[in-house]
Amino acid sequence: MPLLEVENLKTSFHTREGVVRAVNDVSFSVDKGETLGIVGESGSGKSVTCYSLMGLIPQPPGRIEGGRALFDGTDLLHCTPRQLRSIRGRRIAMIFQDPMTSLNPYLRVEDQLIEPLLIHDRIDRNLAKEMAVQALKDVGIQDAGNRVRGYPHEFSGGMRQRVMIAMAMITKPDLLIADEPTTALDVTVQAQILELIKREQQENGTAVILISHDLGVVAGFCDRVLVMYAGKVAEMAATKPLFAHPQHPYNRALQRSRPTGDMKGNELYTIPGLPPDLSKEIVGCPFAPRCEFVADACRKDQVRLETVGDDHYSSCLRVHRREIDL
Amino acid sequence: MVRYAVHRLLVAIPTLVVIVTIAFFLIRIAPGGPFDLERPLHPKVMEHLERIYQLDRPLHEQYLSYLRNLLAGDLGPSFYFRDFTVSELILSGLPISVQVGASALLLALGLGGLLGVAAALRQNTRSDYAVMTVATLGVTVPNFVVAPVLTLIIGLQLQLLPVGGWGKPGNYVLPIIALCLPQIAAIARLTRASMIEVLSSNFVRTARAKGLRESVTITRHAIRAAILPVVSYMGPAVANIITGSVVVEQIFSIPGIGRYFVQGSLNRDYTLVMGVTVFYGALIILCNLIADLLYGVLDPKVRYD
C-alpha cells in the first residue's frame, strides 16, 4: 500500500475574474521512502497540489472541489482539523521556496525548532532544546550550541534553508514535501541542500515530494516524476524512461528546451505560446494550442491519463492511439 | 541602548530650542498683551507692571533671558495667575491630564488592537466592514465635534453622566471617550492592515505547516509581528492625545494642563503658554524615544549601538 494516494484532486480559486481551476483532476501516489518529483511551469498547479494536501490553501478564495488523499489510511482532504494537525508537522513536514521569509524573524531559531516537538510529542522543553542543537548539527551548522540562540536574520539564505530542513525533519516525518527548496539559493548551495535532503531522507526512510521547475535537479534526485501542465498531469513515469522516452509532446518539448553542450551555436528551442488561462473552460487537451503534433481530435476530446508502458502514464491522445512516436 | 538613548536626548535639545523660538515669537505676534483689560489700566501702573515682568526690554533680550532661565529649569511666573509660577501650574494640572491621557491611550491601544485583529481575522465579512466603517468615522470626525455631541446626548438628554467638572468617577468617562475614540480608530485600522499582511506571510504559513493550532499561530507568530507598526505609532498617538486634551479639557472643564494652555493663550499669559509648549514638546520627544526603544526590544533585527 502506498504511503500517500491522491485521487482526482480538484482545487480551484474563486476570484473576481472567475473560477481558476488550479488543480484539475490530479492523481498520483508516493511509496514509503520514495522520491517523487513534480515538475511544471509556474502556475501549472504543482504547489497548489501539495498545499491542498497540507490544508494550507487559504479558503476563501481557494476551495477543494473534490478528490481524496489517503495518507496511511486518513483522508487528508476530509479529516477533522484536529486529525490534520496531528499529521502535518509531525508525519508530513514541509519546506518552502523562500528561506529568507519562511522563518519567523521575531523568534529565536531554537524556539522555532522545538515547536513541532512540543506540540506533537509533548516532550520536556529542555530535552527538546538538546534535540534542537543536535538537529542543527545534523544539517551541518557549525557552533550549533550558540547559533541555536540566534535569530533568523543572523543566518545566510543557505543556512536558513538548513534550519528549515532541521525543523521539518526534527519529528522524523514519513513524508517531506519540498516546494522548490533550492530556487532562491546560489547554485553551489543548491547542491549542498539537495544532498542534505537526500541524506536526511536515507537516514530516516522518509518519502520526499520535490516540487521543482528545474529538470536537471529532478533528473538527478527523484525516483519517479510527475509532469504537470495547466493543473493536470501530462505524464508520469520513473525518472529514467521519462527522460529517455518521453510519451507526451509537452515533456518532449521541455527536454528540447534545455540547453546542452552539443548545441553550442544553435538557437535554443522554446515552446511557442503561453500556458492557457485557467479561469476559462478548457476543451480538449490544454497543451493543444502549443503542440506541434496537434490533431483535430486534440481540440475536442477530453484527455485522460492512461498507461502507455510499464508504470508509464501519459495524457496525450495521439500517443494513446499510437499515431505519433516521440 | 543607553548610548543610543543619551544620543537621542542630546539631539532633542536643538529641536526644543526651535520649538521655544517659534512659540516665543508667535505668541508675541498675537495682538494684545497680558495686562490688557476691558478698562485700561492707568499708564503709570502699566509701566510699572511691564518693568516688573521685564516686558519693557527689547524682544531679543527677553528671548535670551527666557532661554537662560529655561536652562536653569525656571519657566518663570505666570502673568495671569498671580503668585503662581508656571511650573506650579503645570505640576498641579499634570496628575489630572496624565490620568485622562494615559487612560485614553491605554484604552485606545487595547481596544484598537483588539478590534483591528478581530477585523483582520474576519476579513471582508460584515463584522470587518462594521469595524472599519466606525474606524473611518472615528478618524475623520474631530473630537471638538465628538465631545459636544457626547455632552448633548449622554450628558443632557439621557442625563447618564455629568457634562463637566472634576473629582467624581463619572467625570472621567466622557472626556476619556472623546479623547480615545480617534486613537481607537487609527490603531484599529493600522492593526488590521498589518495583521492581514502578516497572516499571508510565509512564516505564518510555516507555522501552520508545523501543525500549530490556528489560535497559537496567531498569538505566537502573527500578533507580535503585526503590532510593530502600532508601536511606532505610539509617538504620534501621544501627540494626538495631547492636542486632543487641549480641546477636551476645555469642553469638559477639567483642570488639567490643556485647559491652562487654552486659558493662557486667551489671556496672553506668555510664560504659561511657553511653559506648556516646552513641556508638551519634551513629552512628545520622550514618548517617541520610548516607542523607538520598545521597537528595538520587540524586533531583534533592530539593535541600538
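Student: Which residues form the nonpolar patch on the surface?

Tutor: They are B:F144, B:V145, B:V149, B:L152, B:I153, B:L156, B:L158, B:L160, B:V163 and B:I251, with about 870 Å² of accessible area together. Patches use residues with over 30% relative accessible area and no salt bridge; nonpolar side chains (Val, Leu, Ile, Met, Phe, Trp, Tyr) are joined within 5 Å, like charges within 9 Å. Accessible areas come from the Shrake-Rupley method with a 1.4 Å probe, and for residues only the protein chains shown count as cover. This is a predicted model, where local features need pLDDT of at least 70 and side-chain atom pairs count only at pLDDT 80 or more, while totals for chains, interfaces and linings use all residues. Residues are numbered from 1 along each chain as written, chains are lettered from A and ligands numbered from 1 in written order, and side-chain values use heavy atoms, leaving out hydrogens and water.

Student: Ok, and which helix gives the largest share of that patch?

Tutor: Helix α6 of chain B, residues 143-157, with 6 residues. B:L152 sits in that helix. Helices here are DSSP runs (H or I, at least four residues), strands are too (E, at least two), and both are numbered from the N terminus.

Student: How many helices and strands does chain B have?

Tutor: Chain B has 12 helices and 0 strands. Its C-alpha trace spans about 85 × 55 × 30 Å along the principal axes.

Student: New topic: how many residues does each chain give to the contact?

Tutor: Chain A gives 26 residues and chain B gives 20, with contact meaning heavy atoms within 4.5 Å. In chain A, A:R85, A:Y106 and A:E115 lose the most area to chain B, together 32% of what that side buries. About 2,200 Å² is buried between the two chains, and carbon and sulfur atoms give 58% of that. Buried area is the accessible area (1.4 Å probe) lost when two parts are put together, summed over both.

Student: How many salt bridges are there across the interface?

Tutor: The rule finds 2 between chain A and chain B, where a salt bridge is a side-chain nitrogen of Lys or Arg within 4 Å of a carboxyl oxygen of Asp or Glu. Over all chains, the count is 21.

Student: Which residue does A:E115 pair with?

Tutor: One partner is B:K210, at 2.6 Å from N to O. That pair runs from helix α4 of chain A to the loop between α8 (202-209) and α9 (214-226) of chain B. A:E115 also forms a salt bridge with B:R220, with the closest N and O atoms 2.6 Å apart.

Student: Why can side chains like that pair?

Tutor: Because opposite charges can pair when their charged atoms come close.
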